Structure formats: C-alpha cells, structure tokens
Amino acid sequence: MPLLDVKGLKTYFYTNRGVVKAVDGASFTVNENEIFCLVGETGCGKSVTALSIMRLIFPPGKILSGKALYKEEDLLKIPESEMQKIRGREISMVFQNPMNSLNPVFTIGYQISEAPTVHFNLSKKEAWKRTTDLIRDVKITDADTRAKCYPHVLSGGMRQRTMMAMMLSCNPNLLIADEPTTSLDVTIQAQILDLLIEIKKKRRMSVILITHNFGLVAEFGDRVAVMYCGKVVEIGDVTTIFRNPLHPYTRGLLRCLPIGYKRKSKLGFIPGTLPSPIDTPSGCSFHPRCEHSTKSCKLREPELVEYEKNHFVACHLYER
Ligand SMILES: Nc1ncnc2c1ncn2[C@@H]1O[C@H](COP(=O)(O)OP(=O)(O)OP(=O)(O)O)[C@@H](O)[C@H]1O
Ligand code: SF4
Ligand SMILES: [Mg+2]
C-alpha cells in the first residue's frame, strides 16, 4: 500500500483575471521509503499540489475536489486540529527560499527546538540535546555555538541545512522538498541533496522532491511524475521513464537534455508556449504543442492508464 495516494486533486484560484486552474485533476502515489519526484515547467502546479497536500491553500485559492490518502486518512477531509498534528510530525515541507521560513528574531537553536518541545513535551535540557544532535545530523559543525546564532549570520547553504533540521525535528515519515536547492549555487546544491539522500536512508522516510531539473531526477529519484497544466501526464520508475518515455511531452523534455546532464540541466525547450492556466486548451492540454495531435485530442481529455507495469501515461496514443 502506498504511503500517500493523491487522487483527482483540483485546486483553483479565483482571481480578478479569472479562474486559475493551478491543479486540475492530478493523481499519483508515493511509496514508503522512496524519493518521488514531481517535475514540470514553471507554473504547471507542482507547489500548489504540495501545498494542497499540506492543506496550506488560502483564499482566493480553494481545494475543489480529490483525495489525499495518508495512512488511510483523507488529509483533505480531516479536521484542522488533526491536520495540525500531521504537519511537521508526519509530513514536513522544505521550501525553495529558507529565509522566508526562518524567523530573523530567534536563534536557529530555538527555532529547531520549538516544534519537538511542544509535540513531545521535552524538558529544556532534552530539547537542547535533541537540537544540537539535529544540527550535527545536517552536518553543521560546532553545533553548540551554531545553535545560538541568528539566521542572518548563516550562509545560504547553512540556512537550508537549518531548515532541514527544523523539518526533521519531529521525525516525519514524509518530507516534501519544494525546489530545495534552486536558490543555491551548484556545489552547495549537490551537498544539500546528498545530505537529503543520506538522511532519507538513515531515517527510512519518503521524500517528494519537486524540481525543474530532470538531471536531479535521474541522479536522485526512484519514481517520477511529470506534470503539465495541473495534471500528471506520465508516472513511473525513473529508469523506465528514461529508457522508454511515452508521453510526447516527456519525450520532448528528455530530448532536450544534453549529454552529461546530471545536476546541471534545467528542463529543455519544447516548441510553443505553456498555455495560460486561466484558459487551458480543450481535450488534451498539450495538443497545441504536440506533433501527434489529432482531432480527438482536441475534443477528449486522455485518462491516466497503466501502459506497462507501474508505468502510467495520459495520452490517446496509448489507449487500447
Ligand atoms: N496564491 C495564488 N493566487 C493566484 N494564482 C496562484 C497562486 N499560487 C499559485 N498560483 C498559480 O497557480 C499555477 C501553479 O502554480 P505553482 O506555484 O504550483 O507552479 P509550479 O509548478 O510550482 O511553478 P514553479 O516551477 O515556478 O515553482 C500558476 O499559474 C500560478 O500562477
Ligand atoms: S493525447 Fe494527443 S495531443 Fe495529447 S499528448 Fe497524446 S497525442 Fe499529443
Ligand atoms: Mg513551485
């Protein structure tokens, strides 16, 4: 059984410009102890998917329908008080820019210890021990001194490590990392991701890694879902997707990858532009950019079907 099962998730924003269909029927599963990647061009709905799972969508946004089953409970239905217990303790999220999540007026030690102190009812001494252990776990040297520092004195990489320590502080089963390294330079990016993998292995947790970068998917991912216009269009093992990409969009993305793509490359170039999420094309939303598009592609939306074992695709080319 999967750890997380997202089915038909729809999250829209009701803006003055019109209805933004940010996530429009996305479905995927995340298994225990795996790195699951969500990949797609900017604006395709990756972050909104993650925020919906965490129930952090606020007006003018609204989760319209769908399920997010976690340990058989639907996260989209449970009361907010239940959800507060799940956030941080069961599922944690690391954001792209750690400075937005760290509070400048508290020391990092205080911020790391805050959640576990409340959740586990720790004494001051226990909380300090746990905090300095966590700081060591994320490979920040001189933990006792660092714990007393304020965020602004730390480098970008250190802040991201601090964020990870905070997110790990209550021992979550699932960590959602939303472009955790985009704001960092390439060498630091690699160090942070290597650290993430090491921690994941040690703690046997699952990670949803959100990224633009198919190179990172190849290097770190176990399974991957490709998103386009708020929907998952292909999903499978990373090795299978690289060996046998099915969806014309996935194929386009992989065709654009240079040789020796690992770690460096962003998504490549595909002819045409990403449609506006307010005015998404009828039928298959990829049809204006697809070289295989037929009349029925404009009329009918393809369903996500299992083409081969554990390899799903939403495209009329593969319907039987
Ligand atoms: N608070 C909001 N109000 C209105 N529209 C929003 C809001 N948040 C997101 N959107 C819109 O929803 C769509 C999906 O956004 P989302 O942030 O999920 O994209 P993304 O795939 O994470 O992109 P990126 O790779 O740039 O982070 C975009 O069109 C975005 O403009
Ligand atoms: S459904 Fe049609 S338009 Fe969409 S990706 Fe497949 S072939 Fe292309
Ligand atoms: Mg995003």
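Welcome! Start by selecting residues 108-120, helix α4, together with residues 124-137, helix α5: their axes come within 9 Å and cross at roughly 120°. Angles of 65 to 115 degrees would count as roughly perpendicular and those over 145 as roughly antiparallel, so α4 is oblique to α5. Turn the view a little, and you can follow a right-handed crossing of α4 and α5. Keep in mind on this tour that the model is predicted.

Next, show the side chains between these two helices. On the α4 side, pick Gly109, Ile112, Ser113, Pro116 and Thr117. Facing them from α5 are Ala127, Trp128, Arg130, Thr131, Leu134 and Ile135. Try colouring this contact by class: 6 residues are nonpolar, 4 are polar and 1 is charged.

Now move to ligand 1 and display its surroundings. Which residues are closest to ligand 1? They are Ala22, Thr42, Lys46, Ser47 and Val48, from a shell of 15 residues. Colour the shell by class too, and you should find 6 nonpolar, 8 polar and 1 charged.

Where does this shell come from? Select β1 (4-15), β2 (18-30) and α1 (46-53), each of which supplies at least two residues around ligand 1. Helix α1 gives the most, with 3 residues.

Stay with α1 for the last stop. Is this helix mostly covered or uncovered? It is mostly covered, with 8 of its 8 residues buried. Click along Lys46, Ser47, Val48, Thr49, Ala50, Leu51, Ser52 and Ile53 to visit these buried residues. Finish at arginine 55, which follows α1 and has a positive phi, near 55°.

Key: Residues numbered from 1 in each chain as written. Chains lettered and ligands numbered in written order. Predicted model: local features only at pLDDT ≥ 70, side-chain atom pairs only at ≥ 80, totals over all residues. Axes fitted to C-alpha atoms, helices over the stretch in contact; angles between N-to-C directions. Helix = DSSP H or I, 4+ residues; strand = E, 2+ residues; numbered from the N terminus. Parallel < 35°, antiparallel > 145°, perpendicular 65-115°, else oblique. Left-handed = near helix turned anticlockwise from the far one by under 90°. Contact = placed C-beta atoms within 7 Å. Nonpolar A, V, L, I, M, F, W, Y, C, P; charged D, E, K, R; others polar. Near = placed C-beta within 6 Å. Buried ≥ 20, exposed ≤ 12 C-beta atoms within 10 Å, placed from the backbone.
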